[in-house]
Structure formats: structure tokens, C-alpha cells
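Hello,

Here is the structure we discussed. My notes follow below it.

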Amino acid sequence: MTILSAEQRGDLAEAMLPVAAHLAVLVHGDGGPEDVADVLAGLDNAQRDALIVVLAGLVDPEQPMGRALGWLDRNEHGALTVPNWGDTTPLRDLVPEEPVDDDYVDMVAVRLYLKGIKVTVTDAEYLVVLEHAEAQGLPLPELDRRQKLPHGENERRVNRLRKAYQRSGRQMPAVLVAGGKQPEFTTKQVVEIRERYAAGGVTDLELSLMYGRSRKSISALLSGASYQSAGGPIRAPRVAKPKEASRTGFAGHTGPAPVLDVARAS
């Protein structure tokens, strides 16, 4: 999208409102594909971007599909059919899901698994479980016992992961390398790493490179999931916050979204 100031985006969006209205009436029966093409041909890239935003803003994501899209249904001959007013699925349900991050680790699930509470962990989470188990001196048979699994079940999962990495040609995590157990951190190192992070200006990745350990093991150390009693400042849980600017920027707002005075409006 062309880089514009908030004020310019707001002005452009306002200018595109009549164009959006024109397109709406054309698409809903007052015109055809050629008319739509003529309207779009007269716009530059910035205007097209603003038009898309305005058109999206005109749509209520909570309205049922029958209201929003039913009129577009066609039969086998290509003719428009009667709208399916009975379809109550909201448009919001049509929004594609965000791609799953295979590397995402739910630390709550990791902690529960280590405590012996029944929980399903992904392969990425299981690797973190193994790192924490090593740091805490927990052998795989102990994980079997805590999870009430058949003896050797965790060892079999480790072997399956090793084979999966070998087949895919990916670099095998140190925690899966036979005989490649990483040495434990000393108490002095744990405190030093936590203090470095608390002082700011350093990331988990940078710390992992400094100390020659995996990023996940550093993250576990900083969060207190491992080496709980070693000392040093524990990182507060991270909480995702919505980006206000991303919600209001298109409309030209730079401050908090305005609050509608319902009583005055009525």
C-alpha cells in the first residue's frame, strides 16, 4: 500500500466512498462487468487500496451469508437464482484461518506434561519438554511414570522424532542427538542470563548464541519453567495486545477510536 499520512488516508477513504457506492449499485444489478471495469480503470493504486478498505468497511461481518451472498447464487445454466435467505452463517466465519505456526509452543502444556498431568503436546512442545526434563534431571522413564504411559513410550517418541528429522534432512535438535545431552547451566549462569535479559537490549536468540544453547531452552530459563529456584529476575508472561493503530489507521484516526453517545444519537 502507498505510504500516506493518517490524514491523507482519511481524506482518500472519504473520496472513495462515492466510488464504493457506485460499485455497489453496479454489482447489485445496475450494471455489468464492463461498467465495473470502467470504474476501476480510472483509479490509481492508492485509490484502489483505499476503495478496498471502504468496501470492506461497508460490509457487516455479522450478517448472515444468505443476506450478503445469496443473490450471487446461479443455477447450472448460469442464471441468477432466488437468494438463499435461510443460510444464517455469518460472514465472519468465511475469514480464512491464520496459518498454524508449527514452532509455536504452549508453555502451559509443557509444564503440565512435566508435572504428569494428561495433556497432548505437539512435537515442538515435546522438544521443549525434553529440554526441561534434561535441565531438571528427569530421565525418560520418569516421564513415562508421571504420564502413566507404558514403559519406553517416551523413548519411542524420541526415536520417531529422530527418524522424522533424518528423513526430512533437517538439522536435528541437540536434545534428540544420542549422547548429545547439553550440560546444565550453573546457578551463576542462570542468574547472569536472567539479569542480562532484564537489563534490556538482548533477545532470547542472542542469548542462545552467546551461551551455545537452543533458543527454547533460554526462553524456558527466562520464564522460570526451568531452574525455578536458581535466582535472578523471572520474565513476566507475554500477553498479546491488539494493535489500536491497525484498527484506526485506515480511517485517518491517530488517537483512540471515538465513543458513540447512544443517548445523544437517539
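**Salt bridges and cores**

At 43% relative accessibility, Asp 123 is classed as partly exposed. Its side chain meets that of Arg 157 in a salt bridge, 3.2 Å from N to O. Asp 123 sits in helix α6 and Arg 157 in helix α8, so the pair ties together parts 34 residues apart in sequence. Arg 157 itself counts as buried, at 18% relative accessibility. Please keep in mind that this is a predicted model.

The salt bridges come to 6 in total. Another of them joins Arg 235 and Asp 204, with the closest N and O atoms 2.8 Å apart. This pair also links distant parts of the chain: Arg 235 is in the loop between α11 (215-223) and α12 (244-248), while Asp 204 is in helix α10 (residues 204-211), 31 residues away. Both Arg 235 and Asp 204 are buried.

Within helix α7, Arg 146 forms a salt bridge with Glu 142, the closest N and O atoms being 3.0 Å apart. The two residues are 4 apart in that helix, a separation of about one helical turn. Arg 146 is partly exposed at 25% relative accessibility, whereas Glu 142 is buried at 18%. Glu 142, Arg 145 and Arg 146 are joined into one network by salt bridges that share partners.

On the nonpolar side, the largest core has 21 residues. Leu 114, Tyr 126, Leu 127, Val 129, Leu 130 and Leu 176 have the most contacts inside this core. At least two core residues come from each of α5 (107-115), α6 (123-135), α7 (140-147) and α8 (153-168). Helix α6 supplies the largest share, 7 residues.

Tyr 126 is worth opening in the viewer. Leaving aside residues up to four places away in sequence, Tyr 126 touches Tyr 113, Val 121, Leu 140, Asn 154, Arg 157, Val 158 and Leu 161. Arg 157 in that list is also the salt-bridge partner of Asp 123. A second core, separate from the largest one, has 14 residues, among them Ala 20, Leu 26, Leu 51 and Val 54.

As for the whole chain, the protein has 13 helices and 0 strands. Of its 266 residues, 30% are buried. Among contacts with a separation of 6 or more, 54% are between residues 24 or more positions apart. The exposed area is about 17,600 Å², and carbon and sulfur atoms supply 57% of it.

Regards

Terms used
Residues are numbered from 1 along each chain as its sequence is written. This is a predicted model: local features need pLDDT of at least 70, side-chain atom pairs count only at pLDDT 80 or more; totals for chains, interfaces and linings use all residues. Side-chain values use heavy atoms; hydrogens and water are left out. A nonpolar core is a set of buried Ala, Val, Leu, Ile, Met, Phe, Trp, Tyr and Cys residues joined through side-chain atoms within 4.5 Å. Buried means under 20% relative accessible area, exposed over 50%, partly exposed in between (1.4 Å probe, protein chains only). Contact means heavy atoms within 4.5 Å. Accessible areas come from the Shrake-Rupley method with a 1.4 Å probe; for residues, only the protein chains shown count as cover. A salt bridge is a side-chain nitrogen of Lys or Arg within 4 Å of a carboxyl oxygen of Asp or Glu.
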